Amino acid sequence: MGSVSEQILVESVIRVWAVARRWCSLAGAGRGCLAEMKSTHQLGFPMAMEITQFLLNAQAVDGNVRKHAEENIRQFQEQNLPGFLFSLAAELANDDKPVESRKLAGLILKNALDAKEQHRKFELAQRWIALDPNAKAQIRACLLKTLSSPAHDARSTASQVIAKLAGIELPIKQWPELIEALLSNNNQLPAHTRQATLETLGYICEEVSPEVVEQDHVNKILTAVVQGMNSSESNNDVRLAATRALYNALSFAQANFSNDTERDYIMRVVCEATLSPEVKIRQAAFECLVSISSTYYEKLSPYIQDIFTITAKAVKEDEEPVALQAIEFWSSICDEEIDILEEYGGDFTGDSVIPCFYFIKQALPALIPLLLETLLKQEEDQDQDEGAWNIAMAGGTCLGLVARTVGDDVVPLVMPFIEENISKPDWRQREAATYAFGSVLEGPSPEKLMTLVNHALNFMLNALMKDPNNHVKDTTGWTLGRIFEFLHGSAYDTPIITQANCQQIITVLLQSMKDVPNVAEKACGALYFLAQGFEDSGSSSTQLTPFFQDIIQALLDVTHREDAGESRLRTAAYESLNEVVRCCTDETAPMVMQLVPIIMNELHQTLEAQRLSSDERDKQNELQGLLCGCLQVIIQKLGSSEPTKYVFMQYADQMMQLFLRVFSCKSATAHEEAMLAIGALAYSTGSDFAKYMSEFYKYLEMGLQNFEDYQVCAITVGVVGDISRALEDKILPYCDGIMTQLLKNLSSNQLHRSVKPPIFSCFGDLALAIGENFDKYLMYAMPMLQSAAELSVQTSGADDDIIEYTNTLRNGILEAYSGILQGFKGSAKSQLLMPHAPHILQFLDSLYMAKDMDDVVMKTAIGVLGDLADTLGGNAAPLIQQCVSSRGFLNECLQSEDNLEVGGDGLCVSAILAEKR
């Protein structure tokens with residue numbers, strides 16, 4: 001590089017340093033970056049000066065102009081990434097540039113740093129990290145200076161981009177001066193810059209993990225945020241940005257909430273903000289309270305009375321967005337207490353980390369009337385809008401959570417409201433009373449509810465048929481569904497459904513399926529739960545048996561309604577039809593058999609449809625998914641009984657051909673359902689499924705390669721397991737291709753992580769199917785399993801979601817080991833597994849020592865230990881005897897309530913351990 005260029009570079013670095021130190025006080029935010037852009041142009045970024053025109057042309061109406069501009073932008077990015085990113089940052093920072101080009105520059109810049117897909121997100125982060133430090137410094141400086149721009153959109157975009165960069169750089173100790181740069185001279189800045197600074201701090205807290213930010217910086221961030229929220233702050237934009245920033249920063253405040261003085265101050269400022277004259281600030285403040293209720297539940301006792309006063313006032317008097325958050329606070333408290341009570345029961349003297357303070361129980365006398373009052377605030381069209389959410393719906397949801405939290409105690413407080421309003425002339429009062437009744441059916445004991453429900457059932461059925469208001473009928477149908485869901489079934493001593501009332505119930509529900517779509521949908525839902533209650537009846541007749549044919553025909557009629565696309569009606573009808581099929585008995589099985597050609601014919605018709613519009617095609621694809629799902633349930637039901645299975649198999653070839661044709665349609669949902677149906681067919685047909693494999697295999701491979709629709713990929717992996725169990729060693733000709741694809745999937749960082757545990761399980765299924773022939777895959781599968789096993793025990797500091805996923809991964813690995821060990825049992829090749837035994841036992845030891853595995857993993861681990869002992873026998877004895885976890889798992893097995901399920905494995909291990917003694 002020549003001396004002139006060196007001088008330019010030095011000057012650039014000096015300017016960047018100065019900007020980073022004094023960015024807040026510089027006027028003309030974009031001009032400094034423009035100067036840098038000129039220097040960059042001299043350093044070899046020839047397209048930088050044309051970026052404005054490229055960005056404007058990329059938004060042109062003329063398609064040719066737009067396409068040419070997009071190509072220029074793509075070439076610029078590919079040929080000179082540092083110059084491209086800097087040009088975008090400079091465009092965003094320059095207040096002299098057009099609004100349109102600045103907006104697009106910011107959007108492209110953000111998308112160049114972040115993506116939804118994890119693999120792409122990682123690639124973009126690595127690409128940024130690898131950039132020249134000087135180029136990165138210039139881009140950062142432009143972004144920081146943009147926070148002083150008078151243009152709100154530019155500031156907001158810069159805030160988001162800075163946060164994305166923080167998410168990349170702070171975890172690896174880069175850009176350490178960022179937080180200080182944002183916090184410096186905060187009080188002396190213009191209001192719009194302070195607003196942007198607080199917004200940026202909030203986004204950063206949303207983007208990075210709490211452990212990434214030093215406590216000193218956390219304290220400073222919280223100080224700046226709380227100062228911005230204070231009622232003494234005169235600028236509402238600043239106060240709103242600060243309140244929203246606190247919402248994101250709360251997870252960082254563990255130490256601060258453990259300090260009484262600091263916690264008191266934060267809570268006071270938040271509560272004051274709920275009284276702000278500005279509605280958006282009040283809403284944001286209540287959102288903070290909701291977050292505090294879940295994050296710091298155990299710290300709320302001193303404030304709960306004041307919070308009730310504040311929330312009650314908001315629910316009664318404030319605008320809907322604020323009132324909704326006030327209700328959500330109590331719903332969140334319910335969620336916390338339900339979780340605590342479910343995990344620890346009523347005993348908090350033992351190992352409970354967080355005691356239950358029974359806030360809901362204490363608040364009941366005041367909270368219940370408050371919530372009941374909200375039920376009367378319905379909207380006229382709420383039943384027509386699937387996404388509707390209003391005060392009445394929020395209040396009913398909260399009431400339902402309260403019932404689950406306190407149980408029987410809620411009933412005497414709610415019943416007077418129901419009795420007073422259920423027959424009133426005003427539809428709002430009747431609907432509110434019905435909604436209240438339905439909301440409290442989950443939580444209280446059956447003994448507390450049975451008398452009330454039996455008394456109310458006839459009234460509800462009459463209301464569903466005869467009430468003049470559709471809102472009331474809609475809610476009545478929903479309430480009947482709740483009655484059948486929570487109080488009907490073989491587990492209850494006092495049946496809700498009897499010979500005396502069953503005919504009336506069925507008649508009303510079938511008649512209501514002819515009502516307007518939203519009411520008909522609720523009737524279908526009620527029928528679903530009614531049928532579900534008979535699912536455990538086995539082969540004996542039930543009260544539904546005499547009406548079975550009428551029910552099936554009524555549901556088919558619903559699916560053919562012209563308005564079945566409204567209010568999820570068609571979907572609800574098929575879901576109910578599936579449940580009716582599941583509860584069929586030997587007596588009604590012939591009626592289900594008659595349903596098979598009907599559903600097959602309807603699926604055939606969807607495949608024959610031609611020249612459909614985009615909207616029509618979407619509806620057809622949805623219908624194909626529903627029909628495939630229905631056939632899957634029929635296959636499972638009829639295929640589980642030998643008499644019906646024999647007759648049913650006459651349709652197998654035709655069904656398989658229909659399912660294969662579905663794969664030619666471009667619908668992930670339809671593909672999922674068709675694949676699941678094929679899995680069910682494989683299970684039912686057993687080894688006879690081999691005749692379909694030559695034609696089906698290409699679709700199986702396509703499913704395994706479908707990374708974009710990863711649910712299809714996951715389902716296909718499961719179907720491989722189904723087919724393996726059905727075909728056993730007949731799957732051998734296809735194993736090379738399947739294993740190759742499964743190994744590719746495991747190695748890919750583009751495949752969603754949720755698919756990988758089932759892949760490991762699939763290894764076990766294949767090994768069980770082909771036995772010692774799996775030997776050729778051991779050299780590939782076992783290292784994969786070992787690496788995944790080592791990764792799965794590293795859970796230090798992981799959150800609940802990660803631990804849940806990790807346990808799913810562990811179980812998949814263990815199922816693979818179990819299948820492989822069982823597959824080699826009794827084979828001379830079983831000794832090929834001996835070199836892997838130490839790794840397997842080390843994995844079991846690590847799991848046992850980690851103490852964070854769930855019951856499913858525990859049971860599978862005990863099974864693997866037994867399989868190891870059973871397959872490798874005396875050769876593995878010394879290793880098992882040295883295994884730290886072997887005795888621990890054995891004790892768990894013997895103490896478990898369901899030890900009979902793993903008893904054989906326990907006996908194998910016991911025998912080996914006994915040898916040592």
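Here are a few exercises with worked solutions on a predicted model.

**Exercise 1. The core**

Find which residues touch the most other members of the largest nonpolar core, and which helix gives that core its largest share.

*Solution.* Start with the core itself, which has 299 residues. The members that touch the most others are V402, F696, F763 and F774. Now look at where the core comes from: helix 18 (residues 320–344) supplies the largest share, with 11 residues. As background, nonpolar side chains in soluble globular proteins tend to be buried together.

Next, zoom in on F763. Skip its neighbours within four places in sequence, and you'll find contacts with M739, L742, L743, L746, F774, A781, L785 and A816. One of those partners, F774, is also on the list of residues touching the most other core members.

**Exercise 2. Following M782**

Is M782 buried or exposed, and what does it contact beyond its neighbours within four places in sequence?

*Solution.* First place the residue: M782 belongs to helix 38 (residues 775–792). Then check its accessibility. The relative value is 4%, and the cut-off for buried is under 20%, so M782 counts as buried.

Now for the contacts. With those sequence neighbours left aside, M782 touches Y817, I820, H836 and I840. Take H836 from that list: 54 residues separate M782 and H836 in sequence, yet their C-alpha atoms are 7.5 Å apart.

**Exercise 3. Sorting the ring pairs**

Work out how the rings are arranged in the pair Y528 and F529 and in the pair F663 and Y699.

*Solution.* The structure has 16 aromatic pairs. To describe any one of them, you want the distance of the centres and the angle of the planes.

For Y528 and F529, the centres are 5.1 Å apart and the planes meet at 85°, an edge-to-face pair. Y528 is partly exposed, at 23% relative accessible area.

For F663 and Y699, the centres are 5.2 Å apart and the planes are at 20°. Planes under 30 degrees apart count as stacked, so that's what this pair is. Both rings belong to buried residues: F663 has a relative accessible area of 8% and Y699 has 17%.

Last step: where do the two partners sit? F663 is in the loop between helix 32 (652–662) and helix 33 (668–685), while Y699 is in helix 34 (residues 690–704), so the pair ties together parts 36 residues apart in sequence.

**Exercise 4. A cluster and a charge**

Name the residues in the aromatic cluster with Y297, and say which ring the charged end of R753 sits over.

*Solution.* Y297 clusters with F357 and F359. As for R753, its charged end lies over the ring of Y805, 4.5 Å from the centre.

Definitions and conventions: Residues numbered from 1 in each chain as written. Predicted model: local features only at pLDDT ≥ 70, side-chain atom pairs only at ≥ 80, totals over all residues. Heavy atoms only, no water. Core = buried A, V, L, I, M, F, W, Y, C linked by side-chain atoms within 4.5 Å. Buried < 20%, exposed > 50% of the residue type's maximum accessible area, 1.4 Å probe, protein only. Helix = DSSP H or I, 4+ residues; strand = E, 2+ residues; numbered from the N terminus. Contact = heavy atoms within 4.5 Å. Phe/Tyr/Trp six-rings, centres within 6.5 Å; stacked < 30°, edge-to-face > 60°. Lys NZ or Arg CZ within 6 Å of the ring centre and 35° of its normal.
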